[in-house]
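Got the model open in your viewer? Let's walk through it together, one selection at a time.

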Amino acid sequence: MASKKRKCSFNEDLQKEYPFIKKTKSDSDVWCNTCSSRFSISHGGRTDIKLHINSTKHKKSNSAAASSSSLTKFFKQEKMGDNEEELAAVEGTFAYHTICHNHSFRSMDCTSKLLQVAFEPKFTCARTKAEAIILHVFMPYALRTLQSDLEKCSFVSILTDASNHKEVKLFPILVRYIDWDYGVRVKILKFISLPRETNAIVSNYLTACLDENNLKEKVIGLCADNTNSNFGGADRRGENNVFVKLKQSLNHDLIGVGCAAHIIHNTIRTAADDLPVDIEMIISKIYLYFKSYTVRVETLKNFCGFLESDFSMILGYSQTRWLALLPAIERVLQMFLPLKAYFQSQEKCPKLILKFFENPMAEAWLHFINTQALIFHKAIATIENQTASVFDVITSTDAIKASLLSKIEDNYIPINVQKSLEKLEENGDVSQREIIKFQQAIVSFYQTALTYLEKWTKKVFQEMETYSWIILKEIPSWNQIQTALLLINKMTTNYKLLETDTYEEYVYLKQYITEEKIMDWSKNKKCPVQRWIEISAHFNKNQIPCLNILKLPEFFFCFPGTNAATERVFSIMNNFWTSDKTQLKVDTLKGMLISKINFDLSCTDFYKKIKNEKEVLKTFIHHRNIWPNH
């Protein structure tokens, strides 16, 4: 007699293998969630399930499920999850990374797809969305942070200039202030395009900007280029300039700081114009002679090989900055003999260049200019630091003046120039009379430079020298503090520092600033602002009154030494707005500049910062479904 076949049942192994199949009340009947069907597996078990999967109904249901998403995914979650915050922080950082490294927003089309494939399928931050993040999240966030800082500070200075981009005149306003947790801050306050740049338009624009940001009472200084339209010349004469009109609009006094970097550049340019050799023209002519002429360059290479001299390309320079000549002069000196042989061998050679190389003192003049340019260039490198103050300028310009005065008194000639002249005299190439004329020209160079520098630093820089004690190279006296108090109380209307309270705080200050402390600061190369930050931290930690005494460094370190911060904005702007980015709008450029300059963080540090800013991420996530991903 044949035995009865046992029915198959749905067990745990089948459940793990087919998670979309669910057990019903009967052990042999199951339910398919994919196609909403009930069927029996009593006869074949796993075979019955496979037959069902291959059925037409199940295949159609499975295909429909794969091509659609859960409806809940299209609704914004009210509560942010950790994964959503992390994704927002990453997408935001890549948008910042794009502008930080001067990439085109178009590059995010490729970057977004690459990151989806390689790392995170949910990453969506293509060009349109990346631009929207910069304009609608990061720029407002940067400006809110700036406003919060400005509300806390007592004094600010503004820096400004104008630059043309084709037919568009762009005009940024930067603000400089002291943050006691960080130090000197310089950030973009406003950035617009102006149709014209008259004194009245600029002064009205500055006044409106200060009024809009509640800074009319706090502003104490204006920094701009040393033009007549800005300041009225070296003597600050006349009333038809931006500085005077701004003071009249604000109805209180200001200190106007011209750009010391430009002053130093113009000092050496003016002095060089007195020399019998026009080095600037010679260098420019040599560069243009070889530029784009492959045959000439190849011939020069042959001369270098014959004279056993290393070949390097002749360099050009920026005509707006005289000291940019320095690398070009060094390159010509490096190949002086091959260049001289090359030009003297040419049948048709520019007469100016030929006359220069026929001059036996040509190399000596190049050495002299190169030596002097190095000194001026070193001073520029020091004061063009964005956080450099007017007192850094005073230190640098005083050093240049002292050096020039000493050189005049000693009839100083650099050693390499002196050796070159001695060799020429020994060979009979020059006479004693020519050497004397050379020395006289050098002394005239020093005198012209000294006169120009004193003329343009007399106003403001020499006047501010009275307050140089603020850099704390020595223990300040009460008379120095008192003089500073008088200036601050005279210039400001919103703060009146009480002399009696300030003196009590000064007593505590003297107890902290000792000779040993100053030596320790110098040894560790702690800058003046950081010294005051240390003092502030000490006063706060020990609950020592410092309300009045700390207003002094906050006031004086507000004054920049140069307008380099504004020049930096233009430099970054030109990198953003290249000739091939013709569709870039001013508003987009504004968002890029404010986000990059006001944050001023590496991409890694920016990510660390932004992932902890819950409100910013919340704003970002709220708009994610609004911004297109392409």
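Start by selecting C35, a buried residue with a relative accessible area of 6%. Keep in mind as you look around that this is a predicted model.

Is C35 tied to another cysteine? Let's see what the sulfurs are doing. Across the whole structure there are zero disulfides. C35 is in none, and the nearest cysteine sulfur, that of C32, is 3.6 Å away. A disulfide here needs two cysteine sulfur atoms within 2.5 Å, so that pair doesn't count.

Now jump to C125. This cysteine isn't in a disulfide either: the nearest cysteine sulfur belongs to C603 and is 13 Å away. Buried or exposed, what would you call C125? With 0% relative accessibility, C125 counts as buried.

**The little sheet**

Head back to C32 and color the strands. You should find an open sheet of three strands, in the order β1-β2-β3, with antiparallel pairing. Select residues 21-23 to light up β1; this strand and β3 are the edges, each pairing on one side only. Going from one strand to the next, the twist averages 35 degrees.

What holds such strands side by side? Strands of a sheet pair through backbone hydrogen bonds, either parallel or antiparallel.

Next, select residues 29-32 for β2 and residues 37-40 for β3. These two strands run antiparallel and are paired over four bridges. Try clicking across the pair: W31 stands opposite R38, and C32 stands opposite S37.

Follow the chain from β2 into β3 and you go round a hairpin, with four residues between the strands. Stop at S36 in that turn, where phi is positive, at about 55 degrees.

Now show the side chains of β3. Which of them are buried? S37 and F39 are, and they point to one face, while R38 and S40 point to the other and are not buried. This fits a general pattern: in a regular strand the side chains alternate between the two faces of the sheet.

**Two more positive phi angles**

Select S292 next. Phi is positive here too, at about 70 degrees, although S292 is not a glycine. To get your bearings, show helices α11 (279-290) and α12 (294-306): S292 lies in the loop between them. S292 is exposed, with a relative accessible area of 71%.

Then move on to N411, which isn't a glycine but has a positive phi of about 50 degrees. Look for N411 in the loop between α17 (390-410) and α18 (415-426).

**The hollow spots**

Time to look inside. How do you find a hole in a protein? Rolling a probe the size of a water molecule over the atoms shows where empty space is left. How many cavities of 30 Å³ or more does the structure hold? It holds three.

For the largest cavity, select N226, F231, G233, A234, R236, G258, I263, W456, K459 and F461, which line it. The space inside comes to about 70 Å³. Color the lining of this largest cavity by class and you'll get five nonpolar, three polar and two charged residues.

Finish with the second largest cavity, which has about 50 Å³ of space. Its lining includes L159, R176, V186, I383, P560 and T562. By class, the lining of this second largest cavity has seven nonpolar, four polar and one charged residues.

Conventions: Residues are numbered from 1 along each chain as its sequence is written. This is a predicted model: local features need pLDDT of at least 70, side-chain atom pairs count only at pLDDT 80 or more; totals for chains, interfaces and linings use all residues. Side-chain values use heavy atoms; hydrogens and water are left out. Buried means under 20% relative accessible area, exposed over 50%, partly exposed in between (1.4 Å probe, protein chains only). Two strands pair if DSSP finds at least two bridges between them. On a 1 Å grid over the protein atoms alone, a cavity is a set of points where a 1.4 Å probe fits but cannot get out, and a pocket is an open set with protein on both sides within 12 Å along at least five of seven lines; lining residues have an atom within 4 Å of a point. Grid points are joined across faces, edges and corners, and a volume is the space filled by probe spheres set on the points. Ala, Val, Leu, Ile, Met, Phe, Trp, Tyr, Cys and Pro count as nonpolar, Asp, Glu, Lys and Arg as charged, and the others, Gly among them, as polar. Axes are lines fitted to C-alpha atoms, for helices over the stretch in contact, and angles run from 0 to 180 degrees between N-to-C directions.
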